[in-house]
Structures are given as structure tokens and as C-alpha cells.
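Hi there,

Here is the structure I promised to pass along. Have a look at it first, and then read on for what turned up.

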Amino acid sequence: MSTPAPRSRRRPRVPAPGAAAPRPPVDQAKVGRRSVRRRATGMTATEAAAALEEAELQRHLDRDREDLADDERGAAEIREWQRIAQLLATTGGVYDPKADAVVQDELAADAEAQRVQQVQDEQRRQEQEAEAARRAALAPDVLRHALLGTLARTGLLDSLSEDERAAVGRLPESDPPAALAFNALLARAYEAGTGARAGAAS
């Protein structure tokens, strides 16, 4: 008894109008191969050969349809039926995707590609968080607070003139990177001076 492949009911894919953002293209060839494997599961060599014949006939009937001129899925289905029919003719028995080395290699490759994508997504997330933290550190209010804190720790805050206080207040607004660098240098100079005094005292 043969089990022919069902006639195709597929329609050409039309992109949705006004899509907000492009999505990754669907691998139609992979979709076709997986569809064939599901239908072929449990088939004998004779049944697979009949399904291949039916699929080839359907593709022949569809050859003049302009909407299927670039039908990657249909071509992939034919190739997969051919491969499975040849495999069963060689090995006998019934088709089982779990025992198909080609299928298992493809699944392993998909799993590895997914793992790599997850690593890349995590790296991208960390980079975005680092950039957000950097931007937050450069916020004028944050920088101004940090500068005033460093000046207070060094004992210089109370001795600043009015113009110097105004300059400290303006710097985070006018040049955030310079304010950040100045704050770091001021802290390093204070720590170096504290260390030198401690060494001299000992």
C-alpha cells in the first residue's frame, strides 16, 4: 500500500504592509525538508517512492504558476523525498528521523547556531548595560555630586573661591568627559599625597 504525499495547498508569502521592523527571513528550504520528514516518518521505501512521484507530479503541474517561480520550499521538498526514498531503498525498514544521520547533523548545527546566538545576545546586552552605566556616570548631576564629594574628601571644598565653585558647577554641564577625568585625577592626586605623607611619617 502506498501513501502518496498530499497535494500542496501552499500560497505565496506576501509581506505584511507597513511592517514596523523587518524580521529575519524564514528558511523555506528548511521548512520544506522538515515537512517532508514528518510526513515520511513510518514510510517504507515503496511508500516514499510513491510520495516522491506524487510530489514531482504536483511540481510539474505547478510549473507555469508565476507565484511559485521562486518556490524554494517546493524544490527542497522534492530533493528531500529523493534523499529519503534512496536512503530507504538502501537500508530497508521504515523511515525514522531519529535514525537519519543527515537530520541529526542538521539538528546539532541548529543547536550550535542557537548557542552562538545566545552568547552574542548576552554580549550585546552587557554592552548595552555598560553603555547605559557610562551615560549615567556622565549625567551632570551625578558628576557634580561626585566632584563635590571628592573636593570635600580632599579638604579643598571649603577653601574654594566663588569663581572656583562656579567653575566646578559648570564643568559637568559643559564638558562631562572632562569633569569625569578631572574628578578621577583629583582623587588619584589626593590618594598619592596621602600615601606619601604616611610614608614620610613612618
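Before the helix pairs, a word on how their geometry is given: each axis is a line fitted to C-alpha atoms over the stretch in contact, and angles run from 0 to 180 degrees between N-to-C directions. Please also keep in mind that this is a predicted model.

With that in hand, start with helix α2 (residues 45-61) and α3, whose axes come within 9 Å and cross at roughly 160 degrees. Angles over 145 degrees count as roughly antiparallel, so α2 is roughly antiparallel to α3. The crossing of α2 past α3 is left-handed. If you want to click through the interface, the residues on the α2 side are Ala 45, Ala 48, Ala 49, Ala 51, Leu 52, Ala 55, Glu 56 and Arg 59. On the α3 side they meet Gly 74, Ala 75, Ile 78, Trp 81, Gln 82, Ile 84, Ala 85, Leu 88 and Ala 89. Numbering like this is easier to read if you recall that an α-helix has 3.6 residues a turn, so residues three or four places apart point the same way.

Helix α3 (residues 72-91) also holds Glu 77. Is Glu 77 buried or exposed? Its relative accessibility is 10%, and because buried means under 20%, Glu 77 counts as buried. Glu 77 and Lys 30 are 47 residues apart in sequence, yet their C-alpha atoms are 9.0 Å apart in space.

Lys 30 brings us to α1 (residues 28-40), which packs against α4 at an angle of about 135 degrees, with the axes 13 Å apart. These two helices are therefore oblique to each other, and α1 passes α4 in a left-handed crossing. Here Lys 30, Arg 33, Arg 34 and Arg 37 of α1 meet Val 102, Val 103, Glu 106 and Asp 110 of α4.

Now for α4 itself (residues 101-137): its 37 residues reach 54 Å from the first C-alpha to the last, close to the 54 Å expected at 1.5 Å a residue. What caps the N-terminal end of α4? That is Asp 100, with a side-chain oxygen 3.0 Å from the backbone nitrogen of Val 102.

Finally, do look at Thr 150 in helix α5 (residues 140-154). Thr 150 is buried, with a relative accessible area of 4%. Setting aside neighbours within four places in sequence, Thr 150 is in contact with Asn 183, Leu 186 and Ala 187.

Happy browsing, and best wishes!

Key: Residues numbered from 1 in each chain as written. Predicted model: local features only at pLDDT ≥ 70, side-chain atom pairs only at ≥ 80, totals over all residues. Heavy atoms only, no water. Helix = DSSP H or I, 4+ residues; strand = E, 2+ residues; numbered from the N terminus. Buried < 20%, exposed > 50% of the residue type's maximum accessible area, 1.4 Å probe, protein only. Expected span 1.5 Å × (residues − 1). Polar contact = N/O pair within 3.5 Å; in protein donor to acceptor, adjacent residues only side chain to side chain. Parallel < 35°, antiparallel > 145°, perpendicular 65-115°, else oblique. Left-handed = near helix turned anticlockwise from the far one by under 90°. Contact = heavy atoms within 4.5 Å.
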